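User: Hey, I've got a protein model open and I'm a bit lost. Can you walk me through some of it?

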Amino acid sequence: GRVTQMLLRWVMRYAVVGIFALSASLFGQTTAAALAHFASLFITVYAAQAGIAVLLAVVIAAALPGRNTLVGLREVLVTAFSTGSSAATLPVELRTAEHHLRIAARLLSFTLPLGVSVTKAGPAVYIAIAALFAANAGGIPLTAATTGWIWLLSVAGSLATPPGGAGALIMLGFVFTEAHLPLAAIGVIAA
């Protein structure tokens, strides 16, 4: 037990250094145009997910007037964006819904875990934008039908995405293969 915990702590602490070194090596070998493409991917994904979060916050605030809604949602949104994991955000969602929004715990204990399992807007947006980025970076022309197919595959793939940080990366292989996109782009996106 203790040895395993110590090893896990060591890996968690130094994995970040290894990932940074690999990313620095990769980006050191790329052109400014490639970095601009990657920056556009990063900004687009977070802007789309932030837009969805703001829209949902407004809908929730309108549905629950006078309940300190936006203050309660702040912690949930910060946790969601910093971890990228719906599973890691679930305890914060449960606490916020019960204490700030005053929703009954018996209702929350069923609906929020179900929502984490079923609703996957974040991964769907991420997968679709990453696929469009790969096509653009690879110079692959996309028709309206191909773009629609990518969005449909992204939604389907997001439903099978595990609720963890970077879980959508697992589904990129499925979407890229079905949409005939270069699988090598997944390595660039994952970096």
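Analyst: Sure, let's go through some helix pairs, the core and a few single residues.

User: Is this an experimental or a predicted model, and which is it here?

Analyst: This is a predicted model.

User: OK, helices first. How do helix 4 and helix 5 pack?

Analyst: Helix 4 covers residues 86-99 and helix 5 covers residues 105-118. Their axes sit 10 Å apart, and the packing angle is about 155°.

User: What do you call that arrangement of helix 4 and helix 5?

Analyst: Roughly antiparallel. The cut-off for that label is an angle over 145 degrees, and helix 4 and helix 5 pack at about 155°. Their crossing is right-handed.

User: Which residues in helix 4 and helix 5 meet?

Analyst: From helix 4 you have S86, A87, L90, E93, L94, A97 and E98. On the helix 5 side, they meet A105, L108, L112, P113 and V116. Sorted by class, the residues of this contact are nine nonpolar, one polar and two charged.

User: Now helix 6 and helix 8. At what angle do they cross?

Analyst: Roughly 50°, with the axes coming within 10 Å. Helix 8 is residues 168-178, and helix 6 is residues 121-137.

User: So what's the word for how helix 6 and helix 8 lie to each other?

Analyst: They're oblique to each other. The crossing of helix 6 and helix 8 is right-handed.

User: And which residues meet there, in helix 6 and helix 8?

Analyst: Helix 6 brings P123, Y126, I127, A130, A131 and A134, while helix 8 brings A168, L169, M171, L172, V175 and F176. That contact has 12 nonpolar residues, with no polar and no charged ones.

User: Switching topic: which residues touch the most other members of the largest nonpolar core?

Analyst: Those are L41, Y126, I127, L172, F176, L181 and I189, in a core of 24 residues. The elements that give two or more residues to this core are helix 2 (32-63), helix 6, helix 7 (144-159), helix 8 and helix 9.

User: Which helix gives the largest share of this core?

Analyst: Helix 6, with nine residues. As background, nonpolar side chains tend to be buried together in soluble globular proteins.

User: What does L41 touch?

Analyst: Leaving out residues up to four places away in sequence, L41 touches I129, A130, F133 and I189.

User: Let's look at A124. Is A124 buried or exposed?

Analyst: A124 counts as buried, because its relative accessibility is 11% and the cut-off for buried is under 20%. You'll find A124 in helix 6.

User: What is A124 in contact with?

Analyst: Not counting its neighbours within four places in sequence, A124 is in contact with W151, S154, V155 and S158. If you want a distance to try, the C-alpha atoms of A124 and A39 are separated by 19 Å, and these two residues are 85 residues apart along the chain.

User: What about L107, how accessible is it?

Analyst: L107 has 44% relative accessibility, so it counts as partly exposed. L107 is in helix 5. The C-alpha atoms of L107 and F38 are 42 Å apart, with their positions 69 residues apart along the chain.

User: Last one: where is H180?

Analyst: H180 is in the loop between helix 8 and helix 9 (184-190). H180 is exposed, at a relative accessible area of 68%.

User: What's the phi of H180?

Analyst: H180 has a positive phi of about 60°, although H180 is not a glycine.

Notes. Residues are numbered from 1 along each chain as its sequence is written. This is a predicted model: local features need pLDDT of at least 70, side-chain atom pairs count only at pLDDT 80 or more; totals for chains, interfaces and linings use all residues. Side-chain values use heavy atoms; hydrogens and water are left out. Axes are lines fitted to C-alpha atoms, for helices over the stretch in contact, and angles run from 0 to 180 degrees between N-to-C directions. Helices (H or I, at least four residues) and strands (E, at least two) are DSSP runs, numbered from the N terminus. Angles under 35 degrees count as roughly parallel, over 145 as roughly antiparallel, 65 to 115 as roughly perpendicular and the rest as oblique. A crossing is left-handed if the near helix is turned anticlockwise from the far one by less than a right angle, and right-handed if clockwise. Contact means heavy atoms within 4.5 Å. Ala, Val, Leu, Ile, Met, Phe, Trp, Tyr, Cys and Pro count as nonpolar, Asp, Glu, Lys and Arg as charged, and the others, Gly among them, as polar. Buried means under 20% relative accessible area, exposed over 50%, partly exposed in between (1.4 Å probe, protein chains only). A nonpolar core is a set of buried Ala, Val, Leu, Ile, Met, Phe, Trp, Tyr and Cys residues joined through side-chain atoms within 4.5 Å.
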